[in-house]
Every structure is written in C-alpha cells, then in structure tokens.
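Reader: Hey, got a minute to walk me through this one? I'd like the overall picture before I get to details.

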Amino acid sequence: MTASGSRAAQGPTSLAEMARLTGEFADWHNLHYMAMWLTGELDVAALRDAWWRVCLRHDALRRTYLSPEEARTDGDALSEVEFLTAASDADAVELMSRFIGRPFDLGGPSFSRVAVVRCGERRHLFGIAIDHIINDLASWALIRADFTEFYRRALTGDSGDVTAAGSYQSFASEERRLFAGRWGQECRAFWRSYVDEFGTVPAPFPVGGDTTGAYRPRTISRVLPADAKARLHALSLEARATPFAAVTAGVLAAAKEVTGDPVAGISVNQHGRMLPGTSQTAGLFVQTVPLHLGAPHKSPAEAVREVFHRTHDVFEYSVPLLVAGRYWSETLMVPDRQAGLYVSLNEEPPSSHDLPPFAGTEAEYVELDVPGGKRFPETVVVAWNLYETGPELVAHYNEDRFPGEAVEQLLEAAERFVLPADAQ
C-alpha cells in the first residue's frame, strides 16, 4: 500500500452534515454496521489494499470536521483494516461487538472502522462500521460493491489507479452555493407556506399516555394477504402514482382517523442525490421531510394522487429544517421534537443490503449485540414490508409512550385503506 500523496482540502459541510454536527440526532448511535463469518481463503493484505482503494474512491470516507460549517477532506485513507485474533467463536463475537460498537466521536480522526478476527486458518469474523455522518443506505450500497470488487482485483495483482467517484466535498460546496441563491429563496417561501398550512413540523402522534421515562421498545406486526404487493401496485396504477405514495397515503389517512387530528402528518426519508454527478457519490444525502394529507377525498386513489404530488414539492425543497430555519430566522420545526410517525416501504428483504462475501469465501451473517442502537422514544416507525413472500405491516414504538391499542388501530386502518377487503 502506498500513500496517495494528495494534500488535505477544506470546504463547507453539507446541510445534512451540519444538522448532525449541531445536535440533531444526538440520541442516535448513528452506526451502519455488520459482521459476518468468512469461511475459506481470506487474504488480509488484499483486504487492506481493497479498503484503502475504497477510501480513495469515495472522499466522504476521508472527511473530518473542523466545525459545523467546515469539513476537512484528507488525501489518504483515515482508517485501515485491523487484524485481531481470538481463541473461540464466542471470544471473536465479543471482541467484534466491542470494536464495532463504540460510537464515533464527532471530533475524532475517522468515521469508519474495519476489522478481521482470526479464529483459524480458514475461519475469520469480518466486521465494518461507518458513522451515519458520512454514509447513508445508498452510500452503503456503493461502498460494499466497491469493497468486494477491489478485493477481487487485488487478488489478481491489479494495482491500477483508482478512479474517483463523485466528490462529496464538491457536492457540499455546490449545495451551499444554491442554498444561498434563488433555490434557497424558493425553499424558504415553500416551507413558510407549509408551516402556515400544517403548523411547525414534524407533527407529533398525539396518542401518547403518561410515561415513566423508561424506554421500552416494542414491535407489533400484521400479516398481510399474500397478494398484497400486487394489490398495492394495482392501487398505484389506478392513482397514476408510486407504491410509496400509496402506502404513505394509507398511513396518513389512518393517522387522521385514529387521532381525529385534521392535520396529522408523518415523516419520510428523501435521498437527495439530485445534483449532476451525485448518483455515484457516497456520503450523507438522506434527509427527513414531512408529508401531510389535506381535505377529505372522494376515493383512496384521489388521496394517493395528492400525496404523490406533494412528495414532488417536499423533495424538491428538501433541507434540514432546523438548520434552514436558523439561517432564515424562521420557526419551521420545534427543536428537540421528533417526528411522531415515520413511514418506510421495503420491497426487498434486509439481506439485500448485506455485503457480498469476498472472493474465495462463504459468508454467514452475525447479529451483534451492540449497545446504544437507534432509539425513537417519541416516534412510531411504520414499515410496509412487501417481499415476495411473507408480506407484513410492522410498527416499532416505545411502549412507555404509546398505548399499544392505538398503534394496532393505526396499522388496521392503514391496511384497510391500501388493501380494502372488498377489493379482493
């Protein structure tokens, strides 16, 4: 491995980075992490070379922070693959949990961590953790694909130059330039009108009871009909909208029904790789935006169409609202208040996000007990899991804050909206 020889460069943080650095998501562990047993021939030198090349390809992996408004991007990798040994599988898992499970320091020198624990000639435990401040799920897909490809190339002796992907530092500079100009003015006008219509966002889910302050995570699920995915797509076709708009409209309608609140809202993630050259750029692009449903509608399809059109507006002007509000001296959302309802649509199983096994090995994924995982004490997370087999509607919530009966009613009403019994 040879150093790249490039000097460090400084530039602005993105608005999403700034949100994290100024305290948003402070209660999150903020790790994307995974571990897997690898059985077979593992070349640790090739693995180290591959990770170094991944870091050179994606400058987000070389970023540190001088302040909430200024980042430093180093010319060479800030982390490398650590090699450890353990006497047993149990010792290896415990060692990896401690290694991966340490939260990153926002003032620290690196936001990625990779390790291999050897338990035998042909048995290794591999683990990786990346802080959310330089990574989201789309970035993770880019990083994992490059990691396994560079490992394959290292095994063949390929030592060619690394072609850099889109620069996150360039994206952050361009985003700040646009935010300071006409696009920022349009954002301000849009979000001011949105708050005038629906109040400061995100809206709470107003069914919380008396709490003891204890965080008691609970998951409940409803098994959906086997043809749920096909029926969802039929509703989407009727509404001339996306499946995401359909399930989102279902949860919005359910929230209004269960709470009796005419301006009940939800929050969703938006992956903002909209600037030219950012499709293959790794870094933190995902932002949380609010969605609401207006006046009563004549049909589910009409409601879905409204939500579909509204997503275009909120995604066009997607910015971290606390950060933007500070710049504009606007109250766009209440500080320190989490979204009451968060919605996701998953049409592929979680395993599709796993890192493929490295060439010459077979992989078996390991569930690690990592303390301090993401916590949503004031949020009900609703997930439509519409895999080819076993579709389900799931809610994750804090049992200390939300009565289970209300969450059950929310799921039942959302399913009834999207998959009405008379449509079978």
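Author: Sure, let's start with the overall fold and then go inside. Keep in mind that this is a predicted model.

Reader: Okay, how many helices and strands does the protein have?

Author: There are 11 helices and 14 strands. The radius of gyration is 23 Å, close to the 22 Å that the globule rule gives for 424 residues, so the protein is as compact as a globular protein of that length.

Reader: And what box do the C-alpha atoms fill?

Author: Roughly 65 × 50 × 45 Å, taken along the principal axes.

Reader: What share of the residues is buried?

Author: Buried residues make up 51% of the 424. As for contacts with a separation of 6 or more, 79% of them join residues 24 or more positions apart.

Reader: Which residues touch the most other members in the largest nonpolar core?

Author: That core has 70 residues, and the ones in question are W191, V304, V319, V380, V382 and W384. Apart from it lies another core of 54 residues, including L31, L42, V114 and F285.

Reader: Back to V380, what does V380 touch?

Author: Leaving out residues up to four places away in sequence, V380 touches F205, G340, L341, Y342, A395, H396, Y397, F402 and V407.

Reader: Switching to the outside: how much area does the protein expose?

Author: About 18900 Å², with carbon and sulfur atoms supplying 50% of it.

Reader: And the charges, how many positive and negative side chains?

Author: The protein has 39 positive and 57 negative ones, and the centres of the two sets lie 3 Å apart.

Methods
Residues numbered from 1 in each chain as written. Predicted model: local features only at pLDDT ≥ 70, side-chain atom pairs only at ≥ 80, totals over all residues. Heavy atoms only, no water. Helix = DSSP H or I, 4+ residues; strand = E, 2+ residues; numbered from the N terminus. Rg over C-alpha atoms; globule rule 2.2 N^0.38 Å. Buried < 20%, exposed > 50% of the residue type's maximum accessible area, 1.4 Å probe, protein only. Contact = heavy atoms within 4.5 Å. Areas by Shrake-Rupley, 256 points an atom, 1.4 Å probe, with all protein chains shown as cover. Lys, Arg positive; Asp, Glu negative; His and termini not counted. Charge placed at Lys NZ, Arg CZ, Asp CG, Glu CD. Core = buried A, V, L, I, M, F, W, Y, C linked by side-chain atoms within 4.5 Å.
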